[in-house]
Amino acid sequence: AGLWVPQQQMGHVLRTISQYTPLGAAVPSITNSDYGHWPGTTHLIVLAAYTVVLLRIAIRFFRWDR
């Protein structure tokens, strides 16, 4: 997602895939917000989708009372 290897050094396919990971979507969103711009719509949709999917998994499998 560009944390260890800069996205500029990645191939085109890997760079595209990395933008659809939580970290790959969060970094540009935070950077845009830091510069006073609104985060990109695609990045917000990616983050929201991961939130919904992982929340459903957590509700399904995590229980406080064991």
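Two residues are in contact here when they have heavy atoms within 4.5 Å of each other. Keep that in mind for the views below, all taken from a predicted model.

**View 1. The whole chain is built from three helices.** Start by tracing the chain from its N terminus: the elements run α-α-α, and the strand count is zero. How spread out is the chain? Its radius of gyration is 15 Å, while the globule rule gives 11 Å for 66 residues, so the chain is more spread out than a compact globule. Lay the C-alpha trace along its principal axes and it spans about 45 × 30 × 20 Å.

**View 2. Here's the surface, and what's tucked under it.** What percentage of the 66 residues count as buried? It's 12%. The chain exposes about 5,600 Å², and 67% of that comes from carbon and sulfur atoms. Now think about contacts between residues with a separation of 6 or more: 19% of them link residues 24 or more positions apart.

**View 3. Zoom in on Ser29, a residue of helix H2.** Helix H2 covers residues 22-34, and Ser29 is part of it. Is Ser29 buried or exposed? The cut-off for buried is under 20% relative accessible area. Ser29 has a relative accessibility of 6%, so it counts as buried. Leave out residues up to four places away in sequence, and Ser29 still touches Pro39, His43 and Leu47. Its side chain also has a partner on the backbone: the side chain of Ser29 reaches the backbone oxygen of Ala25 at 2.9 Å.

**View 4. Next stop is Ala58, in helix H3.** This helix takes in residues 41-61, with Ala58 among them. Ala58 has a relative accessible area of 38%, and it counts as partly exposed. The reason is that partly exposed sits between the two cut-offs, under 20% for buried and over 50% for exposed. For a sense of distance, pick out Gly40 as well: Ala58 and Gly40 are 18 residues apart in sequence, and their C-alpha atoms are 27 Å apart in space.

**View 5. Finally, look at the ring of Phe61 with Arg60.** What sits over the ring of Phe61? It's the charged end of Arg60, 5.3 Å from the centre of the ring. If you go hunting for aromatic pairs, a search of the whole structure finds zero.

Note on methods:
Residues numbered from 1 in each chain as written. Predicted model: local features only at pLDDT ≥ 70, side-chain atom pairs only at ≥ 80, totals over all residues. Heavy atoms only, no water. Helix = DSSP H or I, 4+ residues; strand = E, 2+ residues; numbered from the N terminus. Rg over C-alpha atoms; globule rule 2.2 N^0.38 Å. Buried < 20%, exposed > 50% of the residue type's maximum accessible area, 1.4 Å probe, protein only. Areas by Shrake-Rupley, 256 points an atom, 1.4 Å probe, with all protein chains shown as cover. Phe/Tyr/Trp six-rings, centres within 6.5 Å; stacked < 30°, edge-to-face > 60°. Lys NZ or Arg CZ within 6 Å of the ring centre and 35° of its normal. Polar contact = N/O pair within 3.5 Å; in protein donor to acceptor, adjacent residues only side chain to side chain.
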